[in-house]
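Hi everyone, thanks for making time. I'd like to walk you through a structure that you probably haven't seen before, so please have a look at it while I talk.

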Amino acid sequence: MTRSPEDHGARFDEKAASYDDDQESPEYRRAMELVIASAAPGPEETVLDVGTGTGAIALALAGRAKQVLGRDVSKGMLDRAREKAAAEGIENAEFREGRFREPNVTEPVDVVVSNFAMHHLADEEKREAMSVIAGSGPRRFVLGDVMFFGEPDPEEPFFSPEVDDPATVGTLADALTDAGFSLTGVERVHDQVGVLVADRAERAERSDTESEAGTDAVADPAGIDGETTAGTASEGPIVPDEGGTASHEE
Ligand SMILES: C[S@@+](CC[C@H](N)C(=O)[O-])C[C@H]1O[C@@H](n2cnc3c(N)ncnc32)[C@H](O)[C@@H]1O
């Protein structure tokens, strides 16, 4: 069951003070690494981080981009993000209220990232959000989140059914495709956690010239081929088959 953005905002207001200290799971850390590496913004690019929380991803990308826009529904989480930016002397990260389906962004965006946040929306709302986000013109959308690669193991839930509504990888891939993106990378971190990389075909030429990392970042999103992360099960890139559904590349 999903809750309203206001409910989620209030929930995360209460968690804001301890949120960063609570993020110890290797799956969360691995997804975060992959999202940051796959985003690969160029120095003149604008990044939008939706569901930015305390700004973990936004602040990590600020040094590589022209500017980073962090959006969230929780004032408490946004306050923490601003405090961290000030403490780190980061001046090109702007944190404001904004929602997946109303991100409160007027400027063109080059790269959109979102980590462990979109699962708060129902599947139809995720589709709407992807369509709205596509409207800001990004060349790349990197989505790290709880997502199902198969039947979720009820003994090892990665989500709370009363507040979360994760989608299957296929549903997310279809929604990204329908929003005008092509799925260019899938990283499975765990049966219930993954990172999807989607690029817009019509901006591919522009991205090649603007991004430092280009598409290399997708083939090895973290740039750490061969390394292992404790407790994680990344199985390398998975590419979409012709029908747009994810399948494993041996
Ligand atoms: C689990 S936290 C993840 C925060 C951050 N992305 C990270 O990786 O640590 C989920 C965040 O999503 C935000 N959120 C929930 N629903 C949202 C919505 N509809 N629009 C924007 N943010 C939302 C919450 O307020 C919370 O800060």
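Let me start with a question: where is the place of A40? A40 sits in a loop, the one that runs between α2 (26-39) and β1 (46-50). I'll come back to that residue in a moment.

First, the basics. What you're looking at is a predicted model, so please keep that in mind throughout. The secondary structure of the protein comes to eight helices and 10 strands. The protein has 250 residues, and 46% of them are buried. If you take the contacts between residues at least 6 apart in sequence, 72% of those join residues at least 24 apart.

Okay, back to A40. Its phi is near 40°, which is a positive value in a residue other than glycine. And is A40 buried or exposed? A40 counts as buried, because it has 25 C-beta neighbours inside 10 Å and 20 are enough for that.

Now compare that with N104. Here too we have a residue that is not a glycine with a positive phi, this time about 60°. You'll find N104 in the loop between β3 (93-97) and β4 (111-115). N104 has 12 other C-beta atoms within 10 Å, so this one is exposed.

While we're around α2, have a look at S38, which lies in that helix. S38 is buried, since 26 other C-beta atoms lie within 10 Å. Its partner for today is A198: the two are 160 residues apart in sequence, yet C-alpha to C-alpha they are 9.9 Å apart in space.

Let's move on to the helix pairs. I've picked two. Start with α1 (5-22) and helix α4, residues 75-88. Their axes come within 6 Å and cross at roughly 30°. Angles under 35 degrees count as roughly parallel, and therefore that's what we call α1 and α4. Which residues of α1 meet α4? On the α1 side they are F12, D13, A16 and Y19, and on the α4 side K75, G76, M77, D79 and R80. By class, this contact of α1 with α4 divides into four nonpolar, one polar and four charged residues.

The second pair is helix α5, residues 123-134, with helix α6, residues 169-178. These two pack at an angle of about 30°, and their axes are 9 Å apart. That angle makes α5 roughly parallel to α6. The crossing of α5 and α6 is right-handed. As for who touches whom, α5 brings D123, K126, R127 and M130, and these meet T171, A175, L176 and D178 in α6. In this contact of α5 with α6 there are three nonpolar, one polar and four charged residues.

One of those names, D123, also turns up in another spot. D165 is found in the loop between β5 (140-148) and β6 (167-168). D165 and D123 are 42 residues apart along the chain, and their C-alpha atoms are separated by 7.6 Å. With 18 other C-beta atoms within 10 Å, D165 is partly exposed.

Another loop residue I'd like you to find is K66. It lies between α3 and β2 (67-72). K66 has 14 C-beta neighbours inside 10 Å, so it counts as partly exposed. Which residues does K66 contact, leaving aside its neighbours within four places in sequence? The answer is P43, E44, E45, T46 and N92. For E45, we can put a number on it: the C-alpha atoms of K66 and E45 are separated by 5.2 Å, with their positions 21 residues apart along the chain.

Last stop, the ligand. There are 21 residues around the ligand, and G51, G53, S74, N115 and A117 come nearest. Two elements give two or more residues to this shell, namely α1 (5-22) and α3 (56-62). Which element gives the most to the shell? That would be α1, with four residues. So α1 is a helix to remember, because it is also the one that is roughly parallel to α4. Sorted by class, the shell around the ligand has 11 nonpolar, eight polar and two charged residues.

That's my tour. Happy to take questions.

Note on methods. Residues are numbered from 1 along each chain as its sequence is written. This is a predicted model: local features need pLDDT of at least 70, side-chain atom pairs count only at pLDDT 80 or more; totals for chains, interfaces and linings use all residues. Axes are lines fitted to C-alpha atoms, for helices over the stretch in contact, and angles run from 0 to 180 degrees between N-to-C directions. Angles under 35 degrees count as roughly parallel, over 145 as roughly antiparallel, 65 to 115 as roughly perpendicular and the rest as oblique. A crossing is left-handed if the near helix is turned anticlockwise from the far one by less than a right angle, and right-handed if clockwise. Two residues are in contact if their C-beta atoms, placed from the backbone, lie within 7 Å. Ala, Val, Leu, Ile, Met, Phe, Trp, Tyr, Cys and Pro count as nonpolar, Asp, Glu, Lys and Arg as charged, and the others, Gly among them, as polar. A residue is near a molecule or strand if its C-beta atom, placed from the backbone, lies within 6 Å of it.
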